[in-house]
Amino acid sequence: MPTLTVRQLDEDTYKGLKARAELTGRSMEAEARVILEHSVSNGTWWQRWIELTETLRGEELPLPVRSAHREPPDFS
């Protein structure tokens, strides 16, 4: 299996990964693996957002009736 080494990781990122691993009960390596697998297997964040909000979509919202065209205000 391939191996990846990440160099020059920001201290805050390191601490965040460590905290997240502790919350999920995984090692930092396992947590990083889960994050990487999730990020490449689910397409773009936009595609994922569309999938996750699919159930929130209902019928089309009614558009308000447009009024007749009016002249722009005179600012002179």
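How many helices and how many strands make up the secondary structure of the protein?

1. Fold content. This is a predicted model. The secondary structure amounts to 3 helices and 0 strands, and the order along the sequence is α-α-α.

2. Overall spread. The globule rule gives 11 Å for 76 residues, whereas the radius of gyration of the protein is 24 Å, well over that value, so the protein is more spread out than a compact globule. Taken along the principal axes, the box filled by the C-alpha atoms is roughly 65 × 40 × 25 Å.

3. Burial and surface. Buried residues come to 7% of the 76 in the protein; the cut-off for buried is under 20% relative accessible area. The exposed surface is about 7,900 Å², and 58% of it is supplied by carbon and sulfur atoms.

4. Charges. The protein has 10 positive and 13 negative charges. The mean positions of the two sets lie 5 Å apart.

5. Aromatic pair. The structure holds 1 aromatic pair. Its members are Trp-46 and Trp-49, whose ring centres are 5.3 Å apart and whose planes meet at 20°, so the pair is stacked; planes under 30 degrees apart count as stacked.

6. Setting of the pair. Helix 3 (residues 45-52) contains both Trp-46 and Trp-49. The two are 3 residues apart in the sequence, about one turn of the helix. Is each tryptophan of the pair buried, exposed or something in between? Trp-46 has a relative accessible area of 46% and is partly exposed. Trp-49, at 44% relative accessibility, also counts as partly exposed.

Definitions and conventions: Residues are numbered from 1 along each chain as its sequence is written. This is a predicted model: local features need pLDDT of at least 70, side-chain atom pairs count only at pLDDT 80 or more; totals for chains, interfaces and linings use all residues. Side-chain values use heavy atoms; hydrogens and water are left out. Helices (H or I, at least four residues) and strands (E, at least two) are DSSP runs, numbered from the N terminus. The radius of gyration is taken over C-alpha atoms; the globule rule is 2.2 Å times the number of residues to the power 0.38. Buried means under 20% relative accessible area, exposed over 50%, partly exposed in between (1.4 Å probe, protein chains only). Accessible areas come from the Shrake-Rupley method with a 1.4 Å probe; for residues, only the protein chains shown count as cover. Lys and Arg count as positive and Asp and Glu as negative; His and the chain ends are not counted. The place of a charge is taken as NZ of Lys, CZ of Arg, CG of Asp or CD of Glu. Rings of Phe, Tyr and Trp (its six-membered ring) pair if their centres lie within 6.5 Å; planes under 30 degrees apart count as stacked, over 60 as edge-to-face and the rest as tilted.
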